[in-house]
Amino acid sequence: MTVHDKAITTLSRRSLLKAGAGLAIGAYIARGGRAFAQAPAAPAYNIAPNTFVIIRPDNTVTVLCKGLEFGQGPFTGMATLVAEELDADWSQMRADHAPSNPALYKNLAFGLQGTGGSTAIANSYIQMRQVGAAARQMLVAAAADAWQVPADQITVENGVIKHASGKQGRFGEFADKAMAMPVPADPKLKDPAQFKLIGKEGAVKRLDSADKANGRAFFTLDINEPDMLTVLVARSPKFGGTVKSFDATAAKAIAGVVDVKQVPTGVAVYARGFWPAKTGRDALNIVWDDSKAETRGSAQLLSEFRALSKTPGKLVRAEGQFEQSMAKGGRVVEVEYVFPYLAHAAMEPLNAYLKWDGDSAYARYGCQFPTPDHQAISKVLGLPMEKVKIEVLMAGGSFGRRAQQTTHQAIELAEVAKAIGPGRGVKLVWTREDDMRGGYYRPYSIHRMRGAVRDGKIEAWSDTIVSQSIMKGSFFEAVMFKDGLDPTSYEGSHDIPYDVDNFQCDMHQVDVGVPVLWWRSVGHTHTGYAVEAFVDELLEAAGKDPVEGRLELLSKKPRHAGVLKAVAELADWKNYKVPDGRARGVAVVESFNTFVAQVVELSIGEDGPKVHKVWCAVDCGVAVNPDIIRAQMEGGIGFGLGHILYAEQTLDAGRPVNGNFDTYRSLRINEMPAIEVVIVKSTEKPSGVGEPGVPPLGPAVANAMAKLGVGRPRQLPIVPGASA
């Protein structure tokens, strides 16, 4: 029985024993268990002072992380928060995923269990500190009782509990007794001036790095249960297509293929291993019904979107008198920015395991949204929620791909299990091509921008957006739509930070039969580009310096101005002499309440822009783990640069063209620029860093290209048709 099993079976009994300020405290005895960072062999019994922390007799402290670890660092972040208040030694800290249990492990920003929106630290900062403080208080109470001394005479330092008499012990010695102590409802938190781990450079090492480097880390693809079947599904090559008929004779003749079944998403091939499943699927003879499929290609969509962008959309926000201001003339600027469909292209494509015995089901995979997935599996299999368990495993990236508003992977997983019948474990695998051509892209979109400059001042600004909703038709639509529109389509465009008297933002929300999904930074990936490229154009028309001109417009936005000043200082914007043949561009974008400014220096070669260096300033409030913040900025810059330069998913009569990295080009390692990151000191509450490093990169590149005299790209990617 794993940590997850124990948690599920016991938390329902003891959960919410005490609750306050988002802290859910219970208690349970966990026998055995598994910690991510390879804890020593399980002892006879283990103790969990609350639902988020397990303290074992060997003194290891395992934090159950409610967020999915797919490279962004929540294991280390959550453990840092707990260890800080617990006064633990970092060497004793471990982390593992919490089981699916929305009552205990809900994301406080979402109200359900799920990872996304760069919320992991933001929604756990106080909660996890409270957990650590409560556990510390319970351990101290246990030691005081054992030593028969007042609790206020006991100190804790680096995992050692001490009394002035010379008595001392470690956490594991008192964990058993601590479990019987009252759970503090409102444990006292440290003053930030006392922090030894939070915000300290080099104070902690990532808990997941070593095992990922040496191969011990366990992913869904590593699952290989006895009698398990690997399943690949043949899906329609056009979105919306369905199975008209199929012949599985050739597929069933392949050694290792066990069965072939039609499922709602296509035809599933069950085999003993991946290769027979793959070759069996290739041997299927399927006739598709495309009568309801999307058949438009990229060129047709561009034409339709472009025509629509020239007409007024539904008003999102307006201030002043935009049209009257435009009528007054001056230097009028009108531009169009076109953004392609983008795949998430995570290193690990989708895959998941499920064992269904007819009465209960047990799923194991890198599940980003456990609550809706849990509900989906229960519904398909006709089981009550308590009969379904999800064990969350690490995932090899996501960038939004696993946060599925339609729960399509969970549904398909349950459907393939249901089709073959109970008693067989099934591992559903999407190949790279399945994932790349399977849709759920960043939406295709167009921004048509208009503005006017008079007497060196930006007087008018408008943005007409044409895009597809991510949330329409999902369970998110009812709670997140505003005035009939999906706000993720215009976030960052309707609330530009710049002080412009006459402003409006309107939108055409269109329906296309291509599945779309949030993509790293969601709407900010295109709105950030449009806003920051356009303000550069207007400032250029006004004869203003890109940094100084922005700062003049940011007088009411101190955190935007703060990162802009910081990056300008870091890059020595005023005094640095840019080498011949190179130019610099700048951009500043707020996303998910994190502020990031970047300066890019580039030149133009035969294959397009070459970015030599990126300077980056980030303000994410209290910087819990500086090393992880820098890593996320660096990763976001590389991810964003590859997609801005090369990536797009094109459609040919409705069929996605690009299926793998040979045509869906990513950044090569020799193209990675030098990066320098500065973290702006802040006492604001922490915000996320997984996504905000991406949006400023594209417009900073575009603005540098304009400065170099090669034009500001109007349609992405900058280097279309690039191949590996």
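Student: Which residues line the second largest cavity?
Tutor: This is a predicted model, to start with. In it, the lining of that cavity is made up of C65, K66, G67, M78, Y105, N107, G114, T115, T119, A120, N123 and S124.

Student: What's the split by class there?
Tutor: Seven are polar, four nonpolar and one charged. The space inside comes to about 60 Å³.

Student: OK, and how many cavities of 30 Å³ or more are there in the whole structure?
Tutor: Five turn up in the search. The largest holds about 120 Å³, and of its 14 lining residues R442, W519, T525, G640 and I644 are the closest to the centre.

Student: Which element gives the largest share of that lining?
Tutor: That's α18, with three residues. Two elements give two or more: α18 (626–645) and α19 (697–708). By class, the lining of the largest cavity has nine nonpolar residues, four polar and one charged.

Student: Switching to the seven-strand sheet: what's the strand order?
Tutor: β13-β14-β11-β21-β18-β19-β20, an open sheet with mixed pairing. β13 (257–263) and β20 (388–392) are the edge strands, and neighbours are turned by 20° against each other on average, ignoring direction.

Student: How do β18 and β19 run, parallel or antiparallel?
Tutor: Antiparallel, with four bridges between them. In one of these pairings, Y353 has R364 in β19 as its bridge partner.

Student: Which strands does helix α11 touch?
Tutor: β18, β19 and β20, and the direction of α11 makes about 145° with that of β20. Helix α12 (residues 408–420) also packs on the sheet, touching strands including β11, β13 and β14, and its direction is at about 40° to that of β18.

Note on methods:
Residues are numbered from 1 along each chain as its sequence is written. This is a predicted model: local features need pLDDT of at least 70, side-chain atom pairs count only at pLDDT 80 or more; totals for chains, interfaces and linings use all residues. Side-chain values use heavy atoms; hydrogens and water are left out. On a 1 Å grid over the protein atoms alone, a cavity is a set of points where a 1.4 Å probe fits but cannot get out, and a pocket is an open set with protein on both sides within 12 Å along at least five of seven lines; lining residues have an atom within 4 Å of a point. Grid points are joined across faces, edges and corners, and a volume is the space filled by probe spheres set on the points. Ala, Val, Leu, Ile, Met, Phe, Trp, Tyr, Cys and Pro count as nonpolar, Asp, Glu, Lys and Arg as charged, and the others, Gly among them, as polar. Two strands pair if DSSP finds at least two bridges between them. Axes are lines fitted to C-alpha atoms, for helices over the stretch in contact, and angles run from 0 to 180 degrees between N-to-C directions. Contact means heavy atoms within 4.5 Å.
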